[in-house]
Amino acid sequence: MENKKFASYAMNENHSDYPLAIARVETLYQRRHDLRSEFGRDYTRIIFSQAYRRLKHKTQVFFAVDDDHVCTRSEHVNLVESVSHTIACELGLNTELTKAIAVGHDLGHAPFGHGGETILTEIAKEHQLERFWHERNSLHFVDDIELLEDNNHYQHNLNLTYAIRDGIIAHCGEMNQKYIQKRNEYIDLKDYQYAGEYNPWTYEGCVVKISDKIAYLARDIEDALRLHVLQEEKVNELKETLNQMGEYQFQAINNGSIVNYFIHDVIVNSSVEKGIGLSDEAFKKMQAIMKFNYENIYLIKRVQIHEKYVSLILHSLFDFLYDYGKEDLIFALYRDQNQYPKLISHYITWLDKYAYIENYPRKKEYTNKIVYDFVHDSQALEKSILDYLAGMSDVFLIQVFNELITF
């Protein structure tokens, strides 16, 4: 293995673009004796955020499962962090940057995974808003929603560096790419129109993007076996198919063997000329596993039935809160908050943090940016409800729905 082959391209103090990579929208407040680098500081800002904490109760593939050993969104981002750290270290890239992108890449994922994402898109389109996609929503959450408290109890936006924000919105793991070559343009990230439109700006971002797929390929199979969605015989058929695709022979299909194989292949086959990527054989094997997973896990009837259930919940909650806009919004919410203490009280807190509403002054501790301008934006209500729902964990979403239907 040729180690450290990307060392001269690592995004660190020696890189000519480093000042752009660590640029923030605003100057970040400082604490005494802070020993961290700019990317190291962002890593801790992300893992201290509330959105990161909620990932432990958000779906990866299998929803609301009462089983501690089934993968959650939180475990997934930690797996991506592990895979990307190993690859970045061996290639000589900045591991602090890859770790920060990895732990932040799914902060804006909808409750109930990609099914929830589809339903939030339906709701958005019904109200003439742009479609929901979690890569952009993750950037929206780190830019506008997530807050941290300073030493004086004032709330601030995360205000992350450009390179990490770029890696988050550019991470789309569903792209069918053999090699991911970083882009050269330093663009306004608000210009993204759809997932995967641009490659990441750094090689570290490219590593996270390919690590995202490596991390879930076999992990989803393990969960499907545990939940009896798949039988061992079917997985053995996949193993035989993969072993007919080249020299490498899998002895077992599990997370350890799959992750090890693809990490090694990425390290050996990535190059500055081609980018971060895979050999012909490994790419074919990855495509075969993805095809298997879609046919046997992601698109099965049970998942489709569950999406109807989630659709009922999300539409019902959106419509319930949206109806308050027909009255004096704040008065009506306070009037009913004791009747719906979880749903409405938390929504009022959401508005406290992010909304500008006439005759409703913000609390002084919120120094973060206004996200929903109810005075000048006719769609502020719809946007606030969509963000509120998108930020919920699966568990909390079910709790507030049950609050509506329980007497």
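Helices here are DSSP runs of at least four residues and strands are runs of at least two, numbered from the N terminus. Keep that in mind as you look around, and remember too that this is a predicted model.

Let's start at a loop. Val375 sits between strand E6 (372-373) and helix H16 (380-391), in the loop that links them. Is Val375 buried, exposed or something in between? Its relative accessibility is 37%, so Val375 counts as partly exposed. Val375 also has company: together with Tyr356 and Ile370 it makes up a nonpolar patch on the surface. Added up, the accessible area of these three residues is about 230 Å².

Now have a look at Lys353, which belongs to helix H15 (residues 343-354). Lys353 has a relative accessible area of 18%, and because buried means under 20%, Lys353 falls on the buried side. Go along the chain by 21 residues and you reach Phe374, whose C-alpha atom is 13 Å from that of Lys353.

Next come the hollow spaces. How many cavities of 30 Å³ or more turn up when the whole structure is searched? There are two. Take the second largest cavity, with its volume of about 40 Å³. Its lining is made of Leu351, Asp352, Ala355, Tyr360, Pro361, Arg362 and Lys363. Sort the lining residues of this second largest cavity by character and you get four nonpolar and three charged ones, with no polar residue.

On to the charged pairs. The structure has 25 salt bridges by the rule used here, a side-chain nitrogen of Lys or Arg within 4 Å of a carboxyl oxygen of Asp or Glu. One of them brings together the side chains of Arg226 and Asp67, with 2.8 Å from N to O. Why does this pair tie together parts that are apart in sequence? Arg226 lies in helix H9 (residues 203-226), while Asp67 lies in the loop between helix H3 (50-54) and helix H4 (73-91), so the pair joins parts that are 159 residues apart in sequence. With a relative accessibility of 42%, Arg226 counts as partly exposed.

Helix H9 takes part in another pairing as well. Here Arg219 forms a salt bridge with Glu75, and their closest N and O atoms are 2.7 Å apart. This pair, too, links distant parts of the chain, since Glu75 is in helix H4 and Arg219 in helix H9, 144 residues apart. The two ends of this bridge have their own surroundings. Glu75, at 26% relative accessibility, counts as partly exposed, whereas Arg219, at 7%, counts as buried. Arg219 has a further contact in space to look at: its C-alpha is 7.5 Å from that of Cys71, although the two residues are 148 residues apart in sequence.

For a pair within a single helix, turn to helix H10 (residues 232-243). Lys234 and Glu237 both lie in this helix, three residues apart, which is about one turn. Their side chains meet in a salt bridge, at 3.9 Å from N to O. Lys234 has 35% relative accessibility and counts as partly exposed. Glu237, at 47%, counts as partly exposed too. Elsewhere, salt bridges with shared partners join up into one network, made of Glu75, Arg219, Glu222 and Asp223.

Last, a word on backbone angles. Most residues other than glycine have a negative phi. Which way does the phi of Asn159 go, positive or negative? It is near 55°, a positive value in a residue that is not glycine. You'll find Asn159 in the loop between strand E2 (155-157) and helix H8 (162-169). Asn159 counts as buried, because its relative accessibility is 12%.

His228 has a positive phi as well, about 65°, and is not a glycine either. His228 is placed in the loop between H9 and H10. So is His228 buried or exposed? At 60% relative accessibility, His228 counts as exposed.

Conventions. Residues numbered from 1 in each chain as written. Predicted model: local features only at pLDDT ≥ 70, side-chain atom pairs only at ≥ 80, totals over all residues. Heavy atoms only, no water. Patch = residues over 30% accessible without salt bridge, like charges linked within 9 Å, V, L, I, M, F, W, Y side chains within 5 Å. Areas by Shrake-Rupley, 256 points an atom, 1.4 Å probe, with all protein chains shown as cover. Buried < 20%, exposed > 50% of the residue type's maximum accessible area, 1.4 Å probe, protein only. 1 Å grid on protein atoms, 1.4 Å probe; cavity = no way out; pocket = protein on both sides within 12 Å on 5 of 7 lines; lining within 4 Å. Points joined across faces, edges and corners; volume = space filled by probe spheres on them. Nonpolar A, V, L, I, M, F, W, Y, C, P; charged D, E, K, R; others polar.
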